[in-house]
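Work through the exercises below with the sequence and the model at hand. Try each task before reading its solution.

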There are 2 protein chains.
Amino acid sequence: MLQVSRKFEYGLHAVTYLATKGLGRVVTVKEMADEMGFSQEFLSKAMQSLKRAGIAASVQGVKGGYMLGKSTDAITVADIAIAIEGEPHLVRCGVKADRCEIFSSCHHRGYMNTLQHKIQVLLAATTVHSLLKEVAG
Amino acid sequence: MLQVSRKFEYGLHAVTYLATKGLGRVVTVKEMADEMGFSQEFLSKAMQSLKRAGIAASVQGVKGGYMLGKSTDAITVADIAIAIEGEPHLVRCGVKADRCEIFSSCHHRGYMNTLQHKIQVLLAATTVHSLLKEVAG
DNA sequence: TGATAATAGGGTTAAAATAGTCCTGTTTAA
DNA sequence: TTAAACAGGACTATTTTAACCCTATTATCA
Ligand code: SF4
Ligand code: SF4
């Protein structure tokens, strides 16, 4: 229970990688996949999600690739998670009420929702900037 | 990402149900499953896990069933989660290092581990006692 | 003492979510 | 106009979760 997806980890690694390359520098998916050692195709999906969320920016064509779309202190871990996994739903009724058979008689939904909110606050408390400092320091 | 399992929710509901029945009262899995509207067999597995963790106590034989194994303020949501899902591992390398191909070059493992710890603190902050008060109040 | 109602738990199957691949299209530098 | 890259839909494989089945054990009670 409560394990992050590989896609999220790929995305987080990619963002920190782009961050170390600086805001301007364009990096290809191939370079990142080779450097970090995971599937090019799959990382590509993660990058597309990050781009749609504005976290990454892309340049098409030969010499194209990705770069950061925002400064490192404007990107939180929560942003990356939402970009890649979509809105968080700690409980299945969050996706759609009829996903749970006992929705109407459930007494702990309120608690689970505040719990989810608190987890999001944790994720939002770390920016890519602070994450990089933590690693370096 | 980050969704609790059905088994955990079954367990949480069962514990609060047992709590409202009082410490002494023995309740069968059948009664709980009927009352709360989910699979008897599956709830049974959750109860077995709760029993092994000491959260529930069982009485075998005819007239047997389950009751709480501890007082409601000695059981936290974290205890229930661990009883049912085992030790939490936010990242796959927590289970076993070789579950992740990039373990040796990973720079965000430290952050992920502190994040996991913080989530556990959140879960441990709520006792069944406080959860029941929240629902009632 | 035998029938019965319950927990205990191993093993298997079904369903769902995640991870990974493939293929086709579009963009653009050279 | 070729080639290298992003964009993205569709598909397949793998893994995890959920559910079910079946047998054993325990203990009440007629
Ligand atoms: S048990 Fe309650 S919190 Fe969980 S999915 Fe169902 S309604 Fe939502
Ligand atoms: S990417 Fe890092 S944190 Fe995630 S599983 Fe691999 S080693 Fe662990």
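The model is a predicted one.

**Exercise 1. Find the buried residues of α1(B), and state what covers them.**

Solution.
- Step 1. Locate the helix: α1 of chain B runs over residues 6–21 and has 16 residues.
- Step 2. Apply the cut-off for burial, under 20% relative accessible area. The residues of α1(B) that pass are F8(B), E9(B), Y10(B), G11(B), L12(B), H13(B), A14(B), V15(B), T16(B), Y17(B), L18(B) and A19(B).
- Step 3. Count them: 12 of the 16 residues are buried, so α1(B) is mostly covered.
- Step 4. Look for the cover. From chain A, α5 (109–124) takes part. From chain B, the cover includes α2 (29–36), α3, β2, α4 (77–85) and α6 (128–136).

**Exercise 2. Compare the reach of α1(B) with the expected value, and describe the residue that follows the helix.**

Solution.
- Step 1. From its first C-alpha to its last, α1(B) reaches 23 Å.
- Step 2. At 1.5 Å a residue, 22 Å is expected, and the helix comes close to that.
- Step 3. After α1(B) comes G22(B), with a positive phi near 90 degrees.

**Exercise 3. Determine how chain A is related to chain B.**

Solution.
- Step 1. Superpose chain A on chain B: the rotation is 180 degrees, the shift along its axis is 0.0 Å, and the RMSD is 0.0 Å.
- Step 2. Name the relation: it is that of a two-fold axis.
- Step 3. Find the C-alpha of chain A nearest the axis; it belongs to L2(A), at 2.2 Å.
- Step 4. Check the contact surface: 100% of the contact residues of chain A recur in chain B, and the same surface serves both copies.

**Exercise 4. Describe the surroundings of ligand 2.**

Solution.
- Step 1. Place the ligand: it lies between chains A and B.
- Step 2. List its neighbours. Chain A gives E9(A) and H13(A). Those from chain B include C93(B), C100(B), C106(B) and H108(B).
- Step 3. Sort the shell by class: 6 residues are nonpolar, 2 polar and 3 charged.

**Exercise 5. Show which parts of DNA strand C the protein approaches.**

Solution.
- Step 1. Strand C is surrounded by 29 residues, with Q60(A), K45(B), S58(B), Q60(B) and Y66(B) the closest. Of the strand's atoms within 4 Å of the protein, sugar and phosphate make up 65%.
- Step 2. Inspect single contacts. A polar side-chain atom of R99(A) is 2.8 Å from a phosphate oxygen, and a polar backbone atom of R6(A) is 2.9 Å from a phosphate oxygen. For E41(A), a polar side-chain atom lies 3.3 Å from a base nitrogen.
- Step 3. Identify the main contributor: α3(B) gives the most to this surface, with 4 residues.

Conventions. Residues are numbered from 1 along each chain as its sequence is written. Chains are lettered from A and ligands numbered from 1 in the order in which they are written. This is a predicted model: local features need pLDDT of at least 70, side-chain atom pairs count only at pLDDT 80 or more; totals for chains, interfaces and linings use all residues. Side-chain values use heavy atoms; hydrogens and water are left out. A residue is near a molecule or strand if one of its heavy atoms lies within 4 Å of it. Ala, Val, Leu, Ile, Met, Phe, Trp, Tyr, Cys and Pro count as nonpolar, Asp, Glu, Lys and Arg as charged, and the others, Gly among them, as polar. A polar contact is a pair of N or O atoms within 3.5 Å; within protein, one must be able to donate a hydrogen and the other to accept it, and residues adjacent in sequence count only if both atoms are side-chain atoms. Helices (H or I, at least four residues) and strands (E, at least two) are DSSP runs, numbered from the N terminus. Copies are superposed by least squares on the C-alpha atoms of residues with pLDDT of at least 70 in both. Contact means heavy atoms within 4.5 Å. The expected span of a helix is 1.5 Å times one less than its number of residues. Buried means under 20% relative accessible area, exposed over 50%, partly exposed in between (1.4 Å probe, protein chains only).
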